[in-house]
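Please find below some notes for a colleague who will be looking at the structure alongside the text. They are set out as numbered points.

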Amino acid sequence: MRAAVLHETGQEKLEVLDDVEAVGFGPGKVRLRIRATGLCHSDVSAMNGVLPQPAPFIPGHEGAGEVLDVGDGVTGLSAGDRVLVCWLPACGACPSCRRGQTQLCLAGFLNAGTPNFKRPGGDVFGFAGTGTFTEEVVVGASCAVPIPDDVPFEIAALIGCGVTTGLGAAINTAQVEAGSSVAVIGCGGVGISTIQGARVQGAARIVAVDPVASRREAALRFGATEAVAPDGLADAKQRVTGGEGFDYVFEVVGKSATARTAYEHTRRGGTLCVVGAGAMDDHFQVNMFELFFDEKRILPSMYGGGDVLRSYERAIALWRAGRIDLESMITHRVRLEEVNDALDQMRTGEALRTCIQL
């Protein structure tokens with residue numbers, strides 16, 4: 001079967017091969033035919049080594065498709081079912097799951113160390129234990145979440161990561177209050193979803209911050225009340241909040257410098273929500289006096305900061321009701337053999353979300 005493979009960490013290009021085989025099918029597993037997958041910035045971060053991932057590997061974790069076969073012991077799924085891929089499934093038994101913090105379950109991360117593909121030359125890993133830049137993939141049954149028939153595969157794929165992450169940051173983690181002021185730094189797919197989440201929550205002013213003009217223009221269409229380049233954020237803070245700072249600032253880039261900027265533009269007693277996934281050697285610093293004196297809440301948000309299954313259902317309900325726009329987030333559609341073009345579009349900021357159709 002065909003798949004896009006990164007041979008070594010640090011390479012910028014993927015090679016589309018036709019000699020890849022999905023392996024590991026058996027009890028508790030399902031085999032999926034991927035129909036659509038989104039290109040998320042985390043895929044690029046894994047390729048360049050910012051996020052740890054054994055290589056060679058197949059990127060992609062934001063996918064949807066059909067069940068081809070189910071292994072022994074699998075219940076609730078049958079061949080032909082339409083599903084989205086959950087890259088961080090909950091085991092239901094660990095301390096995090098028992099506390100209701102299923103997004104912190106480590107079971108899914110352990111899957112990333114087990115190859116689920118092979119080629120004649122040896123094993124191939126799937127990013128985050130999945131690897132959806134491929135025609136077929138074998139995953140644990142809990143990674144395959146049934147979706148209603150009226151949800152297109154490309155919409156379901158977005159819900160599988162970017163939409164759930166962004167909406168959840170605003171709704172679950174920060175719990176944006178109606179009438180509040182919000183700034184969102186970084187307006188790719190996750191940032192746009194964060195803006196939509198803040199709008200759903202009733203934020204009065206939403207300032208989108210991004211260096212790419214096309215993304216700033218898109219942010220206005222998705223609910224931002226104004227959009228500025230990074231060098232315009234200080235002026236926006238003055239105009240919108242009288243210089244006090246925003247009630248909520250979302251960092252959706254994954255860099256300490258951006259997080260520091262976000263902190264400085266959050267009001268005293270306000271909330272900085274860190275959504276971007278950054279590198280292990282990139283350290284965010286605050287001094288002990290400002291941490292105490294300003295009483296700003298610093299809240300990381302992992303995969304939307306809540307139960308992902310309920311978050312999926314909420315996203316579908318909001319989409320059906322017309323409260324969020326998911327179709328327009330997909331600015332580019334490509335075939336698998338065009339995946340490197342899609343990577344370039346993401347790196348330059350041209351694309352909000354690219355859907356790879358298989």
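1. A residue is called buried when its relative accessible area is under 20%, exposed when that area is over 50%, and partly exposed in between. The model is a predicted one, and by that cut-off tyrosine 303, with a relative accessible area of 2%, is buried. Tyrosine 303 sits in the loop between strand S17 (297-300) and helix H11 (308-320), and its phi is positive, about 50°, although the residue is not a glycine.

2. Further backbone details deserve a look. Alanine 128, in the loop between strand S9 (122-126) and strand S10 (136-140), likewise has a positive phi, near 55°, without being a glycine, and with a relative accessible area of 14% alanine 128 is buried. Glutamine 175, which follows helix H5, has a positive phi near 50°. The peptide bond that leads from alanine 55 to proline 56 is cis, its omega being near 0°, and proline 56 belongs to the loop between helix H1 (41-47) and S5.

3. An open sheet is formed by 4 strands in the order S3-S8-S9-S5, with mixed pairing. Its edges are strand S3 (21-22) and strand S5 (57-58), each of which pairs on one side only. Between S3 and strand S8 (residues 117-119) the pairing is antiparallel and comprises 2 bridges, with glutamate 21 having lysine 118 of S8 as its bridge partner.

4. Strand S7 (residues 82-85) is covered on both faces, since Arg82 and Leu84 on one side and Val83 and Val85 on the other are all buried. S7 runs antiparallel to strand S6 (residues 62-70), to which 3 bridges join it, and glutamate 66 stands opposite arginine 82 of S7. S7 also pairs in the antiparallel sense with strand S11 (residues 144-146), again over 3 bridges, where valine 145 of S11 is the bridge partner of leucine 84.

5. How many of the residues of helix H5 (residues 162-173) are buried? The count is 12 of the 12, so H5 is largely enclosed by the rest of the structure. The buried residues of H5 include Val163, Leu167 and Ile171, and also Thr164, Thr165 and Asn172.

6. The largest nonpolar core holds 99 residues, of which Leu32, Phe133, Ile159, Val182, Ile195 and Phe250 touch the most other members. Apart from it lies another core, of 13 residues, among them Ile185, Val207, Val249 and Tyr263. Setting aside residues up to four places away in sequence, leucine 32 touches several residues, including Val83 and Val85 as well as Glu66, Glu135 and Ala144.

7. Under the distance rule applied here, the salt bridges number 18. One of them joins glutamate 135 to arginine 2, with the closest N and O atoms 3.1 Å apart; this pair links distant parts of the chain, 133 residues apart, as glutamate 135 lies in the loop between S9 and S10 and arginine 2 in the segment before strand S1 (3-5). Glutamate 135 is buried at a relative accessible area of 18%, whereas arginine 2 is partly exposed at 27%.

8. Another salt bridge is made by the side chains of arginine 333 and glutamate 154, at 2.8 Å from N to O. The partners are 179 residues apart, with arginine 333 in strand S18 (residues 330-335) and glutamate 154 in helix H4 (residues 153-159). Arginine 333 counts as partly exposed at 42% relative accessibility, while glutamate 154 counts as buried at 18%.

9. Helices H9 and H10 are linked by the salt bridge between arginine 260 in H9 and glutamate 290 in H10, which are 30 residues apart, and the closest N and O atoms of this pair are 2.8 Å apart. Arginine 260 is partly exposed at 22% relative accessibility, and glutamate 290 is buried at 12%. Elsewhere, Arg205, Glu226, Asp235 and Arg239 are joined into one network by salt bridges that share partners.

10. Which residues make the nonpolar surface patch of about 390 Å²? They are Phe289, Phe292 and Phe293; phenylalanine 289 lies in helix H10 (residues 288-294) and is exposed, with a relative accessible area of 56%. Serine 256, by contrast, lies in helix H9 (residues 256-264) and counts as buried at 19% relative accessibility. Beyond its neighbours within four places in sequence, serine 256 is in contact with Asp282, His283 and Phe284.

Definitions and conventions:
Residues are numbered from 1 along each chain as its sequence is written. This is a predicted model: local features need pLDDT of at least 70, side-chain atom pairs count only at pLDDT 80 or more; totals for chains, interfaces and linings use all residues. Side-chain values use heavy atoms; hydrogens and water are left out. Two strands pair if DSSP finds at least two bridges between them. Buried means under 20% relative accessible area, exposed over 50%, partly exposed in between (1.4 Å probe, protein chains only). A nonpolar core is a set of buried Ala, Val, Leu, Ile, Met, Phe, Trp, Tyr and Cys residues joined through side-chain atoms within 4.5 Å. Contact means heavy atoms within 4.5 Å. Patches are made of residues with over 30% relative accessible area and no salt bridge: like charges are joined within 9 Å, nonpolar side chains (Val, Leu, Ile, Met, Phe, Trp, Tyr) within 5 Å. Accessible areas come from the Shrake-Rupley method with a 1.4 Å probe; for residues, only the protein chains shown count as cover. A salt bridge is a side-chain nitrogen of Lys or Arg within 4 Å of a carboxyl oxygen of Asp or Glu.
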